Amino acid sequence: PVLRVAIMGLGSYGTRVAEAMQSCKRAKLVGVISGTPSKVSDWQKKYNIPEKNCYNYDNFDLIKDNPDIDAVYVITPNSLHHDQVIRVAKAGKHAICEKPMGINAKEAQEMIDACKQANVKLLVGYRMHFEANTLEIIRMRKAGDFGKIMFFQGLCGFRIGDPTQWRLNKQLAGGGSMMDIGIYAINGARYLIGEEPIWVTAQETKTDHVKFKEGVDETIQFQLGFPSGAVASCLSTYNMNYLDRFFLNGEKGFAELNPSTGYGPIKGRTNKGELNIPHVTHQTVQMEEMAGIILDGKSPVVPVDGEEALKDSKIIDAIYLATKTNQKVPLKI
Ligand code: NAD
């Protein structure tokens with residue numbers, strides 16, 4: 001069988017996912033949910049989507065009566081994910097949700113509960129969790145190639161443009177760079193070290209109070225402590241370019257991903273040399289793997305379910321708290 005997917009939110013990332021899905025064998029774009037009729041008709045023509053599989057934000061609950069759609073992929077601004085995923089679950093469809101899944105741990109938990117109650121799967125668009133260089137470094141770490149892991153560094157950022165975009169609007173973004181790009185460093189620390197953090201410290205700096213309003217973080221440096229004693233030191237920013245690098249250091253070796261989370265090609269390197277793994281479009285691999293998870297009950301090496309996203313949300317909540325209190329925040333995740 002093939003996973004029949006409707007995309008909600010036909011913006012820039014939705015478009016990228018739709019294009020990438022054209023190369024999938026097991027996932028197929030069959031429907032759209034959008035508030036913009038002109039986009040719907042463009043997508044209908046381009047992807048041969050029947051009228052009966054097109055919905056808007058008012059009527060998409062009716063998708064429950066549509067047997068030709070299995071899953072809805074929510075690719076809208078961050079703060080809309082919570083209500084939209086819950087409506088998808090109530091309509092009895094599997095939900096795939098973009099990161100950040102919710103804008104805090106409370107929202108994330110509610111999304112998990114709604115999907116459980118509706119007996120549908122909840123997956124999060126963590127495309128790096130399927131990326132081959134990343135998985136090879138995780139395999140090597142598990143095999144002991146790097147020895148005891150001591151340190152991770154994650155640098156994630158870009159200089160954001162248009163000050164009027166939703167990413168700089170607290171109501172729609174739920175925060176700033178941390179919600180959008182810093183979350184990759186949190187992920188990276190967790191899957192490369194292979195443990196869950198037990199404390200966090202964080203420092204926020206803001207150079208532009210006009211562009212980055214109250215509640216929209218421009219730059220945050222944060223540190224995570226892990227049970228083994230390993231530590232992570234990370235930077236999340238909307239105000240610097242050329243930051244897309246992970247570095248993992250162990251007693252017997254190191255690994256570097258540089259770039260680490262861009263659309264690719266990702267470049268992996270260890271103390272033994274370059275990984276030289278051929279590039280495959282991340283979203284194609286992701287959707288192919290997600291079809292396997294939903295249709296065959298496959299378990300990915302690095303989880304992409306709601307519980308995984310809840311852990312990230314708890315860490316983000318703790319980072320924001322630490323920036324306000326300047327205290328070390330203990331974590332239980
Ligand atoms: P975008 O602005 O390009 O697209 C957002 C879409 O949502 C637009 O089509 C817009 O019309 C629609 N929308 C619906 N309701 C809206 C409302 N009330 N206000 C504003 N827009 C509304 O944004 P994007 O870059 O496509 O990001 C969408 C989501 O995808 C975000 O959660 C983002 O974090 C995520 N994303 C993930 C990745 C990744 O690599 N996994 C990359 C980019 C974006």
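Helices (H or I, at least four residues) and strands (E, at least two) are taken here as DSSP runs, numbered from the N terminus. Keep that in mind as you work through this predicted model.

**Exercise 1. Describe the stretch that UniProt annotates.**

Step 1. Find the range: an unreviewed UniProt entry places the feature "domain: GFO/IDH/MocA-like oxidoreductase" at residues 138-255.

Step 2. Read off the helix and strand content: over residues 138-255 the chain is 22% helix and 34% strand.

Step 3. Look at the two ends of this stretch: their C-alpha atoms are 10 Å apart.

**Exercise 2. Divide the protein into domains and describe how domain 1 meets domain 2.**

Step 1. Start with the division: domain 1 covers 3-127, and domain 2 covers 128-278 + 305-330.

Step 2. Place the two parts: 26 Å separates the C-alpha centres of domain 1 and domain 2.

Step 3. Count the residues in the contact: 20 come from domain 1 and 23 from domain 2.

Step 4. Now take the side of domain 1 that touches domain 2. The elements giving two or more residues to this side are α4 (105-118) and β6 (122-124). Helix α4 supplies the largest share, six residues.

Step 5. Sort that side of domain 1 by class: 13 residues are nonpolar, five are polar and two are charged.

**Exercise 3. Work out where the ligand lies and what surrounds it.**

Step 1. List the neighbours: there are 19 residues around the ligand, and those that come nearest are Gly9, Gly11, Ser12, Tyr13 and Glu98.

Step 2. Ask which element contributes the most to the shell around the ligand. That is helix α1 (residues 12-21), with three residues.

Step 3. Sort the shell by class: seven residues are nonpolar, eight are polar and four are charged.

Step 4. Put the ligand in place: domain 1 (3-127) and domain 2 (128-278 + 305-330) both give residues to the shell, so the ligand lies between them.

**Exercise 4. Explore the largest nonpolar core, then focus on Ala95.**

Step 1. Begin with the members: the largest nonpolar core has 97 residues, and Ala6, Ile7, Val72, Tyr73, Ala95 and Ile319 touch the most other members.

Step 2. Find the main contributor: helix α7 (residues 177-193) gives the most to this core, with 11 residues.

Step 3. Check the domains: at least three residues of this core come from each of domain 1 (3-127) and domain 2 (128-278 + 305-330).

Step 4. Zoom in on Ala95. Leaving aside residues up to four places away in sequence, Ala95 touches Val72, Val74, Val85, Val88, Ala89, Cys115, Val120 and Leu122.

Terms used:
Residues numbered from 1 in each chain as written. Predicted model: local features only at pLDDT ≥ 70, side-chain atom pairs only at ≥ 80, totals over all residues. Nonpolar A, V, L, I, M, F, W, Y, C, P; charged D, E, K, R; others polar. Domains from an automatic or database assignment. Core = buried A, V, L, I, M, F, W, Y, C linked by C-beta atoms within 7 Å. Buried ≥ 20, exposed ≤ 12 C-beta atoms within 10 Å, placed from the backbone. Contact = placed C-beta atoms within 7 Å. UniProt positions renumbered as here; feature names shortened; annotations may be inferred.
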